[in-house]
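Please find below a colleague's note on the structure shown here. The points move from the overall dimensions to the arrangement of one sheet.

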Amino acid sequence: MKISILHLSDLHFKNGENSFLLKVNNLTDSIKNKLIENKLLFILISGDLAYSGKKEEYTLVKNVLDTIEKNLKSYNNELVVEFVFTPGNHDCDFSNNDEIRNILIDTVIKEPSKCSSQIVKSCTKVQENYLEFVSNYNSINMIDKSLTNELLTRYEYKISEYRILFNSYNTAWMSRKNEKQSQLIFPHELIEMDKILEDNSGVRISFFHHPYHWLEHQNIREFKNLLHESSDIIFTGHEHTPSATKTTDYYKDMNVVHIEAGTIQDSHDSKESKFNLLTIELDTGKKKLFVYEWNKSDFNKTLEKELEQN
């Protein structure tokens, strides 16, 4: 049985001109033949769906995602499409310029040990429009509420005898309008780490917006250790540059594939548009990565790579 993951990131939809609207049909045309044998497609979005976290921007995102789903189902009417999400810094609405939030963030940066669930809850109010948007999708019904909070959304799917687990980490909870590298903190002690590691059988996928180096240097090691113990595949976005690497931990005898996405829509360059497609054969574990980039009038495949088995 084969599934696929369409990895989109950094859509940046806003009121006004959106260059990706003219590329949507090209995207679905470019991958339709890869999905003929598929019964299930996950569309995974690793943050920055909107440009400034406004409600009307998510209406535009919804229309585009509906078009992608409709087009793909017209090629394969047996295809089931599921959407899974994680927020980025552009999914925060900073229009209120909340001084209390800024003070709380400064406190956490200076003394990470002072971070609490109440601070996180207060700081994630800027993501309310994003949360309202994602609640409209069927994946809201696939969330494990015992593991989910403001920092982590755990999606669980069962396909025949196979489990597909998605851990969506909210690295943008303390994002600011002009955020700087090495200042984000992911307070892993506020999520159910032990339960995540215990209930961890299946295809294990983690995704979040910011690559590691946007986190504070000590926090990087802690967060990375959690991810490497609980993930087979990691997806990120934010930096608009696609890449794919494999990390081998010889001490723990495990491998993790890390896939970064380019941007679907660059606010400063209408010609820039990139995305990834990953296919997974559940019975063998075989994985193949395809990377597509816009070139003048269509998406060209720039990489086709079979990923090594674990």
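The numbered points below concern overall form, burial and surface, and then a sheet with the helix that lies across it.

1. The model under review is predicted. Its secondary structure amounts to 7 helices and 12 strands.

2. The radius of gyration of the protein is 19 Å, and because a compact globule of 310 residues would have a value near 19 Å, the two agree. Taken along the principal axes, the box filled by the C-alpha atoms is roughly 50 × 50 × 30 Å.

3. Buried residues make up 54% of the 310 in the protein. The exposed surface comes to about 14,300 Å², of which carbon and sulfur atoms supply 46%.

4. Considering contacts between residues at least 6 apart in sequence, 72% join residues at least 24 apart.

5. An open sheet of 6 strands deserves separate comment; its order is β4-β5-β6-β7-β9-β8, and the pairing is mixed. At its edges are β4 (152-159) and β8 (243-249), each of which pairs on one side only. From one strand to the next, the twist averages 20°.

6. Within this sheet, β5 (residues 162-169) and β6 (residues 203-207) run parallel and are joined by 5 bridges. Leu165 has Arg204 in β6 as its bridge partner.

7. Which strands does helix α7 lie across? Helix α7, spanning residues 217-230, lies across β5, β6, β7 (233-236), β8 and β9 (254-260). Relative to β5, the helix runs at about 170°.

Conventions: Residues numbered from 1 in each chain as written. Predicted model: local features only at pLDDT ≥ 70, side-chain atom pairs only at ≥ 80, totals over all residues. Heavy atoms only, no water. Pairing = 2+ DSSP bridges. Helix = DSSP H or I, 4+ residues; strand = E, 2+ residues; numbered from the N terminus. Axes fitted to C-alpha atoms, helices over the stretch in contact; angles between N-to-C directions. Contact = heavy atoms within 4.5 Å. Rg over C-alpha atoms; globule rule 2.2 N^0.38 Å. Buried < 20%, exposed > 50% of the residue type's maximum accessible area, 1.4 Å probe, protein only. Areas by Shrake-Rupley, 256 points an atom, 1.4 Å probe, with all protein chains shown as cover.
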